[in-house]
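Please open the model in your viewer and keep the selection tool at hand, since the tour moves from one selection to the next. At each stop, the text says what to select and then what is there.

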Amino acid sequence: MTEISSAIIVIPCLNEERHIGGLLGKLRPAARRLGARIIVADGGSNDATRAIVADIAARDDTVVLIDNPARIQSAAINLAVERFGDGADYLIRIDAHGGYPDDYCDRLLEEAWETGADSVVVSMLTEGNGAVQQAAAAAQNSKLGTGGSKHRHGSSGEWVDHGHHALMHIAAFRDIGGYDESFSHNEDAELDHRLRQAGYRIWMSGQTRMTYFPRASLGGLFRQYLGYGRGRAKNLLKHRVIPKIRQMVPLMVAPTTGLAVLSFVHWIFAVPFLAWAAICLGYGLALALRAGRPGLALAGVSAMVMHFAWSLGFWLQLAGMPAGGRAA
């Protein structure tokens with residue numbers, strides 16, 4: 001690295017007792033190496049998360065535990081930057097529900113220096129354990145599940161409009177006002193829109209990426225994508241941004257499902273729904289056959305849950321239906 005820059009590493013979390021200890025064990029050597037501080041912003045965990053973090057913080061002064069009363073991730077990052085951002089050059093955002101290479105933070109800082117980027121984002125590979133989580137991971141790694149979103153697939157390094165948030169210059173973050181805390185979902189895309197409007201540049205890393213562990217139940221997956229759909233609609237309403245083609249196609253899933261209810265009047269109303277279901281289920285079956293893993297056939301079901309929840313959330317938000325916030 002040309003020069004070591006000061007950084008804060010922020011982890012919003014809520015009920016992550018299964019992951020937080022191992023995650024901090026992975027990040028602490030990097031924090032010491034880079035002279036960085038790790039801030040865990042807890043949204044009110046009622047499991048052992050806080051106790052685990054507090055125990056580590058008592059033994060390692062690079063780790064700090066703070067409360068995030070607003071619970072959502074956008075508020076957690078804003079709070080950490082407000083309290084600990086002075087004197088630091090960069091913010092590194094870490095997902096408590098993710099996995100990272102040992103040199104993740106190093107590579108991000110290197111690319112920020114080499115490219116002059118104001119923000120470095122990463123691609124994300126999804127992995128799972130157990131039948132439902134593995135099927136959800138397969139769906140999220142596929143074009144059927146993500147529509148070909150760049151940050152869901154590998155990159156050799158390129159300038160982009162949006163990606164999975166990893167590193168940001170604190171001066172740029174503060175200049176545009178940080179995350180909009182009215183967004184419980186899609187706050188990253190909303191901030192990226194304002195970054196670009198202000199003339200800042202976003203670089204997709206070609207040197208590192210993260211691993212994401214999806215929800216382990218279809219109910220959890222549904223709630224997650226319902227929030228994503230709401231967030232996308234809220235972004236559209238705030239900035240008058242026209243959805244991309246890959247986003248417009250799944251928008252029709254909820255109306256198509258509703259139309260199928262009229263199939264008792266005439267069978268033709270069920271055709272769009274049956275065509276969509278056949279595509280998703282067929283895709284899942286093809287994945288299973290190619291991989292020789294029968295359980296992956298459930299990826300088609302996971303894709304249907306993702307599509308329907310995203311579409312439903314989008315239309316509910318446009319209709320002004322209220323929703324609860326996302327816990328970190």
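Begin by selecting the cysteines of this predicted model, with the sulfur atoms shown: by a cut-off of 2.5 Å between cysteine sulfurs, the count of disulfides comes to 0. Why does Cys 105 form no bond to Cys 13? The sulfur of Cys 105 has its closest cysteine sulfur in Cys 13, and because the two are 16 Å apart, they are too far from each other for a bond. If you add a surface, you will find Cys 105 buried, with a relative accessible area of 1%, and a selection of Cys 280 gives a relative accessible area of 1% as well, so that Cys 280 is also buried.

Next, select Ala 166, which belongs to strand β8, residues 164-169. Is Ala 166 buried or exposed? With a relative accessibility of 1%, Ala 166 counts as buried. Leaving aside residues up to four places away in sequence, the residues that Ala 166 touches are Leu 91, Ile 92, Arg 93, Tyr 104, Leu 108, Val 120, Val 121 and Val 122. A distance label from the C-alpha of Ala 166 to that of Arg 209 should read 9.1 Å, although 43 residues separate the pair in sequence.

Move on to helix α5, residues 131-141, and colour its buried residues, which are Gln 133, Ala 135, Ala 136, Ala 137, Ala 138, Ala 139 and Gln 140. To see what covers them, switch on the surrounding elements, which include strands β6 (119-126) and β9 (202-212) together with helices α6 (143-146), α9 (218-239), α12 (271-291) and α13 (299-318).

The remaining stops are pairs of helices. Select α1 (residues 20-34) with α2 (residues 49-59), whose axes come within 9 Å and cross at roughly 30°. An angle under 35 degrees counts as roughly parallel, and α1 is therefore roughly parallel to α2, with a right-handed crossing. On the α1 side, show Ile 20, Gly 21, Leu 24 and Arg 28, which meet Thr 49, Ile 52, Val 53, Ile 56 and Arg 59 in α2. Sorted by class, the residues of this contact between α1 and α2 are 5 nonpolar, 2 polar and 2 charged.

For the next pair, select α8 (residues 187-197) and α9, where the axes come within 9 Å and cross at roughly 25°. That angle makes α8 roughly parallel to α9, and the crossing is right-handed. Here Ala 189, Glu 190, His 193 and Arg 194 of α8 meet Arg 232, Asn 235, Lys 238 and His 239 of α9, and the contact of α8 with α9 divides into 1 nonpolar, 3 polar and 4 charged residues.

Finally, select α11 (residues 253-260) together with α12, whose axes lie 7 Å apart at an angle of about 125°. How are α11 and α12 oriented to each other? The two helices α11 and α12 are oblique, and α11 passes α12 in a left-handed crossing. Show the side chains of Val 253, Thr 256, Thr 257 and Ala 260 in α11, which meet Pro 272, Phe 273 and Trp 276 in α12; the contact of α11 with α12 holds 5 nonpolar and 2 polar residues, with no charged ones.

Definitions and conventions. Residues are numbered from 1 along each chain as its sequence is written. This is a predicted model: local features need pLDDT of at least 70, side-chain atom pairs count only at pLDDT 80 or more; totals for chains, interfaces and linings use all residues. Side-chain values use heavy atoms; hydrogens and water are left out. Buried means under 20% relative accessible area, exposed over 50%, partly exposed in between (1.4 Å probe, protein chains only). Helices (H or I, at least four residues) and strands (E, at least two) are DSSP runs, numbered from the N terminus. Contact means heavy atoms within 4.5 Å. Axes are lines fitted to C-alpha atoms, for helices over the stretch in contact, and angles run from 0 to 180 degrees between N-to-C directions. Angles under 35 degrees count as roughly parallel, over 145 as roughly antiparallel, 65 to 115 as roughly perpendicular and the rest as oblique. A crossing is left-handed if the near helix is turned anticlockwise from the far one by less than a right angle, and right-handed if clockwise. Ala, Val, Leu, Ile, Met, Phe, Trp, Tyr, Cys and Pro count as nonpolar, Asp, Glu, Lys and Arg as charged, and the others, Gly among them, as polar.
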